[in-house]
Amino acid sequence: MEEIPFHGKLKYQELFVFQSSTHGKVAILNGFLQLTERDEFAYQEMLTHLPLCSIPNTKKVLLIEGGDGGILREISRHSSVDQIDICEIDEMVVNVYKKYFPDIAVGYKDPRVNLHIGDGVAFMKSIPKGTYDAIIVDAFQSMGPQAEELSDVCFLESVVRALRPGGVMSSPAESLWFKNFVIADTIAHCSKIFKGSVNYAWTTVPAYTSGLIGFMLCSSEGPPVDFKHPINPLNPESYGVAKGPPKFYNSEIHTAAFCLPSF
């Protein structure tokens, strides 16, 4: 650790930013690693493009949490999208990322983005039925009570309600290396709520514990969604507000992310 440009208790959370000699700037939220400049793109790109490249003609997307702006950056690559809403509980998180991680927070520069500051659970309850084509929930249970609320049954039921028929949700899940995490149990739990497709995918993020992170991909009842085979590939000439093409995601990586080990 070379330098500490920011450390503060925000309204709801504690955020710690420091400069690392190997990973660039690093963000710690509520005592847990949130991202590093070295490998944030792997997580952000996969959490975004796994769902959005699996359905056609996405128009309205909602992001719950994700205040760093990286998911917004990736959504901006999808030219079909007309409306990008984000609900972040703490405005200071947004401001800190804009100051210290401008290449990640560049997502806020997309004119399609509408920022709502508030509780994600309450925000979901206020959404009219069938509003969104896709909802991305960027929250880990380990990051505190708010994140735990964003993974309970009542919240997930509100996600289903807010999706159009055949709409999709993505959220982070535990690494397949975690001893107490059983993929089949998680899929069974989500399948009781989402009546469409439910799949687990994973990718490598070296800075995270075990070097892996999982994703849950779920669709509401309606037109079938085959998450394993992207039907809406990224336009290589459309960067949105990003400064270049994706560094990690491509259609081959998309399909491979659903391959699971024998154990």
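**Notebook: surface, fold and two cysteines**

I began with the accessible surface of the protein, which comes to about 11800 Å², with 54% of that belonging to carbon and sulfur atoms (Shrake-Rupley method, 1.4 Å probe; for residues, only the protein chains shown count as cover).

A reminder to myself: this is a predicted model, where local features need pLDDT of at least 70, side-chain atom pairs count only at pLDDT 80 or more, and totals for chains, interfaces and linings use all residues. Residues are numbered from 1 along each chain as its sequence is written, and side-chain values use heavy atoms, with hydrogens and water left out.

Next I looked up the overall size. The C-alpha trace spans about 50 × 45 × 40 Å along its principal axes. The radius of gyration is 17 Å, in agreement with the value near 18 Å for a compact globule of 263 residues (taken over C-alpha atoms; the rule is 2.2 Å times the number of residues to the power 0.38).

Then I checked burial: 56% of the 263 residues count as buried (under 20% relative accessible area, 1.4 Å probe, protein chains only). For contacts (heavy atoms within 4.5 Å), I noted that residues 24 or more positions apart make up 71% of those with a separation of 6 or more.

Last came the cysteines. I found 0 disulfides in the structure (a disulfide being a pair of cysteine sulfur atoms within 2.5 Å). The closest cysteine sulfur to that of Cys190 is in Cys218, 4.2 Å away, which is too far for a bond. Cys190 is buried at 7% relative accessible area, and Cys218 also counts as buried, at 0%.

Note on methods: Buried < 20%, exposed > 50% of the residue type's maximum accessible area, 1.4 Å probe, protein only.
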